[in-house]
Amino acid sequence: MVSTTSRNVGIDGVEGGVGVTALLVAAARAIETHRHDTLAQDAYAEHFVRAAPASAGWPVRMQHVADGDANPLWGRFARYFGLRTRVFDDFLLRSVQHNARQVVLFGAGLDSRAYRLDWPPGCVIFEIDREGVLAFKHRVLDGLSATPKATRVPVPVDLRADWVGALADAGFDPAAPSVWLAEGLLFYLPAAAETYLLDTVDRLSTPGSALAFEVKLDRDLLEYRDSPLYTSTTRQIGIDLLDLFDRAPRPDSAGDLARKGWSTAVHTPYDFTQHHGRGPLPEPNDALAGNRWVFADKPRP
């Protein structure tokens, strides 16, 4: 059940730096939920936004945005997050239809997939994120009397620590097929950390497993310093994303997985805008131009 109000519960570990971006994505999902041509539904998203002092005044519906879709942040960028949510939702649900029942969400943030998606029986959702983020999410959802639609297992660990051991301690079985998602995460990691994470996913994945993640092409992100998407985000909510992203040269993670035997497909977000008939479109000085969504399957023998 989702109540109509959210109590301000505090947000240790969420406000500041990358944590505030979790609130940004929650606000975008709330806006998407209330669009007449919605791509994704997340009835819990606006409650996270309202419960945190840092975001309590942010819009959660387009009618709260004076310039509507013309607003680079709450229009185009929020629509990007809505489209990304839909595409990765579809990937996860499609993947668990093929016998995998373990789902691992890296940097799970304030997404509520365990609660809002219709999972097949027996699914276990492992949510890896920092303790403060997961505790805040739990407090908000508990206050709403929300009930997960699958077994939800929080794994409170920083990805710079021993997340493999924490995942094993939480009950993850490397002998069973699994589905992995790194959504909106790898931008922030050093190249070596990205390579380690995906090499480890490969090691922990049996044939029949699947993986999706989001990357940026290896290019100088500072060329987009004046992009309306980034400047409006800084101006309206005080987040300079380019200061949060790791700007060192990026690895060819999709190519590395293919060389390890995974079947991979790389798409631009605009491929899915075309598929769904709505979503962001290319524009000049486009900060989204280098974003790629990668989908990989580890084939059975």
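Trainee: Leaving aside neighbours within four places in sequence, which residues is Asp118 in contact with?

Mentor: This is a predicted model, so every contact here is read from predicted coordinates. Asp118 sits in the loop between helix 4 (113–116) and strand 2 (124–129). Once its neighbours within four places in sequence are set aside, the contacts of Asp118 are Leu93 and Lys149.

Trainee: Is Asp118 buried or exposed?

Mentor: The cut-off for exposed is over 50% relative accessible area. Asp118 has 58% relative accessibility, so the residue counts as exposed.

Trainee: What separates the C-alpha atoms of Asp118 and Arg76?

Mentor: Along the chain, Asp118 and Arg76 are 42 residues apart. In space, their C-alpha atoms are separated by 28 Å.

Trainee: Turn to the sheet. What is the order of its 7 strands?

Mentor: The sheet is open, and its pairing is mixed. Strands of a sheet pair through backbone hydrogen bonds, either parallel or antiparallel. Here the 7 strands have the order 3-2-1-4-5-7-6.

Trainee: Which are the edge strands?

Mentor: An edge strand here pairs on one side only. That applies to strand 3 (151–156) and strand 6 (263–267).

Trainee: By what angle are neighbouring strands of this sheet turned against each other on average?

Mentor: Direction is ignored for this value. On average, the turn between neighbouring strands is 15°.

Trainee: Why is strand 1 largely enclosed by the rest of the structure?

Mentor: In a regular strand the side chains alternate between the two faces of the sheet. Strand 1 is covered on both faces: Gln102, Val104 and Phe106 are buried on one side, Val103 and Leu105 on the other. Strand 1 is largely enclosed because its buried residues number 5 of the 5.

Trainee: Which residue of strand 2 is the bridge partner of Phe106?

Mentor: Strand 1 and strand 2 run parallel, paired over 5 bridges. Strand 1 is also joined to strand 4 by 5 bridges, again parallel. On the strand 4 side, Gln102 stands opposite Ser178. In strand 2, Phe106 has as its bridge partner Ile128.

Trainee: Which residue in strand 5 does Ala182 stand opposite?

Mentor: Strand 4 (residues 178–182) pairs with strand 5 (residues 210–216). The sense is parallel, over 4 bridges. Opposite Ala182, in strand 5, stands Phe213.

Trainee: Helix 7 (residues 191–204) packs on the sheet. What angle does its direction make with that of strand 5?

Mentor: Helix 7 touches strand 1, strand 4 and strand 5. For helix 7 and strand 5, the angle is about 170°.

Trainee: Helix 3 (residues 72–96) runs at about 5° to which strand?

Mentor: Helix 3 lies across strand 1 (102–106), strand 4, strand 5 and strand 7 (291–297). The angle of about 5° is to strand 7.

Trainee: Now the empty space. How much lies in the largest cavity?

Mentor: Rolling a probe the size of a water molecule over the atoms shows where empty space is left. There are 2 cavities of 30 Å³ or more. The largest cavity is lined by 15 residues, with Lys216, Leu217, Leu221, Asp246 and Arg250 nearest its centre. Its lining divides into 8 nonpolar, no polar and 7 charged residues, and its space is about 130 Å³.

Trainee: Which helices each supply at least two residues of the lining of the second largest cavity?

Mentor: This cavity holds about 50 Å³ of space. Its lining consists of Thr195, Leu198, Asp199, Ser253, Asp256, Leu257 and Lys260. By class, that is 2 nonpolar, 2 polar and 3 charged. The helices asked for are helix 7 and helix 10 (253–259).

Trainee: Which elements give two or more residues to the lining of the second largest pocket?

Mentor: This pocket has about 240 Å³ of space. Its lining has 14 residues, and Ser95, His98, Ser209, Ala210 and Asp297 lie nearest its centre. The lining divides into 6 nonpolar, 4 polar and 4 charged residues. Two or more residues come from helix 3 and from strand 7.

Trainee: What is phi of Asn99?

Mentor: Most residues other than glycine have a negative phi. Asn99 lies in the loop between helix 3 and strand 1, and counts as exposed at 58% relative accessibility. Its phi is positive, near 85°.

Trainee: And what is the phi of Ser145?

Mentor: Ser145 is in the loop between helix 5 (131–143) and strand 3. Ser145 is partly exposed, with a relative accessible area of 43%. Though not a glycine, Ser145 has a positive phi of about 55°.

Key
Residues are numbered from 1 along each chain as its sequence is written. This is a predicted model: local features need pLDDT of at least 70, side-chain atom pairs count only at pLDDT 80 or more; totals for chains, interfaces and linings use all residues. Side-chain values use heavy atoms; hydrogens and water are left out. Two strands pair if DSSP finds at least two bridges between them. Axes are lines fitted to C-alpha atoms, for helices over the stretch in contact, and angles run from 0 to 180 degrees between N-to-C directions. Contact means heavy atoms within 4.5 Å. On a 1 Å grid over the protein atoms alone, a cavity is a set of points where a 1.4 Å probe fits but cannot get out, and a pocket is an open set with protein on both sides within 12 Å along at least five of seven lines; lining residues have an atom within 4 Å of a point. Grid points are joined across faces, edges and corners, and a volume is the space filled by probe spheres set on the points. Ala, Val, Leu, Ile, Met, Phe, Trp, Tyr, Cys and Pro count as nonpolar, Asp, Glu, Lys and Arg as charged, and the others, Gly among them, as polar. Buried means under 20% relative accessible area, exposed over 50%, partly exposed in between (1.4 Å probe, protein chains only).
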